[in-house]
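Me: I would like a close look at a single part of this model, set out with some care and then placed in the context of the rest.

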Amino acid sequence: MNHGRRSSDDGTIDAERIARIGREVHSVCPEFDTDAFVASVPADLPRLELSARIARTSQGLDDHLPVTGPDALDIPLRSLPPTPAATAVTDDFGLHLCSPRSDYVSRYLRTGEHLERSLAAPARTTGYFSAELPVRHSLADFPDQTMKAVDAWSRDEGFRVRRLASEATRLPLPWPPLSWAPRIALPADAGLPVLKTLHDDPHRYVRTSVANYLGDVAATQPDFAPATLQRWRASGGVTGEQFAFLARDALGNRLKEGGPPPTLSSATPTTEGGLPRPRRPGQPAVGGLAARPRPPRLRPR
């Protein structure tokens, strides 16, 4: 697998791909006006960034699908290629061509009435293209119900679905434009139950997402990741090479170039909720390392 590297798909949503989406949707919904969809969506694509192109495509689906409610939710999913492998993309992120369909479900069908079905969609679509951004719309509007779904994803048999559980709750994701995915007002430790399930996941793709979550929080709460990692190590949940991997990735901005991960103290004080207690003015960070601003992570397309 191609962990953390750029997809072979170039990420372009252009007129050719709009036409392909139209054909695929028409194949499962003959009443869908493919010509109108293809004519309307690409009109302003050249001046739009990728995130806006995806939103424009999902808007076109909403404008031209002849049905609403559960039927409208089902059609984009049935129009996907029969399997993720059929997209001919073999890396973990998948084919950007598939992203407008999950974006459509999250934007236009995340009502309380159909929430359970709409939350089932990301677990299906994430195999075709990583679906954490659409989930954030549901987290913003229905945090409790969505977190229940996220918890279930963390125990899924599919590693892409398990990775979706941690990636969707990263606070905040540093790279999506706000027009594409909203910031979510959850506390930093909201995802800890999910991370505890996934921190020793057998798949590196999932463990990298866990480390990224910890590293994101470290930008504003530098003791959070060391305290969390130490609890996992003390409980025997992660040891040796896996612990070193998580520590290096989560605390990478706090390490000297080429240096070893910090020695984490078993005495790291935490609150009842699992967060590190605030440091007194002048008190060094855990391991004696001073926190530095975390550079934004660039997401593969």
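Which helices do the buried residues of H1 pack against?

Reply: In this predicted model, the buried residues of H1 pack against four partners, namely helix H2 (34-40), helix H3 (50-64), helix H4 (69-78) and helix H5 (99-108). The residues of H1 that count as buried are Ile18, Ala19, Ile21, Gly22, Glu24 and Val25, so that a glutamate is listed there beside the others, each of them falling under 20% relative accessible area. As for its geometry, H1 covers residues 15-28, and its 14 residues should span 20 Å at 1.5 Å a residue; because its end C-alpha atoms lie 21 Å apart, the span agrees with that expectation.

Two of these partner helices can be followed further through their aromatic residues. The structure holds three aromatic pairs. One of them joins Phe32 and Phe37, whose ring centres are 5.3 Å apart and whose planes meet at 55°, and the pair is therefore tilted. Phe32 is buried, with a relative accessible area of 2%, and Phe37, whose number falls within the 34-40 range of H2, is buried as well, at 0% relative accessibility. Another tilted pair is formed by Tyr104 and Tyr108, with 5.7 Å from centre to centre and 40° between the planes. Both tyrosines lie in helix H5, four residues apart, which is about one turn of the helix. Their surroundings can be told apart by accessibility: Tyr104 counts as buried at 2%, whereas Tyr108, at 30%, counts as partly exposed.

For context, the chain as a whole has 13 helices and zero strands, and 53% of its 301 residues count as buried. Among contacts with a separation of 6 or more, 75% involve residues 24 or more positions apart. The chain exposes about 13900 Å², of which carbon and sulfur atoms supply 52%.

A further helix may be set beside H1. Helix H11 (residues 204-218) has 15 residues and reaches 21 Å from its first C-alpha to its last, close to the 21 Å expected at 1.5 Å a residue. Because 13 of its 15 residues are buried, H11 is largely enclosed by the rest of the structure. Arg207, whose number falls within the 204-218 range of H11, lies over the face of Phe245, at 5.5 Å from the ring centre.

Key: Residues are numbered from 1 along each chain as its sequence is written. This is a predicted model: local features need pLDDT of at least 70, side-chain atom pairs count only at pLDDT 80 or more; totals for chains, interfaces and linings use all residues. Side-chain values use heavy atoms; hydrogens and water are left out. Helices (H or I, at least four residues) and strands (E, at least two) are DSSP runs, numbered from the N terminus. Buried means under 20% relative accessible area, exposed over 50%, partly exposed in between (1.4 Å probe, protein chains only). Contact means heavy atoms within 4.5 Å. Accessible areas come from the Shrake-Rupley method with a 1.4 Å probe; for residues, only the protein chains shown count as cover. The expected span of a helix is 1.5 Å times one less than its number of residues. Rings of Phe, Tyr and Trp (its six-membered ring) pair if their centres lie within 6.5 Å; planes under 30 degrees apart count as stacked, over 60 as edge-to-face and the rest as tilted. A charge sits over a ring if NZ of Lys or CZ of Arg is within 6 Å of the ring centre and within 35 degrees of the ring normal.
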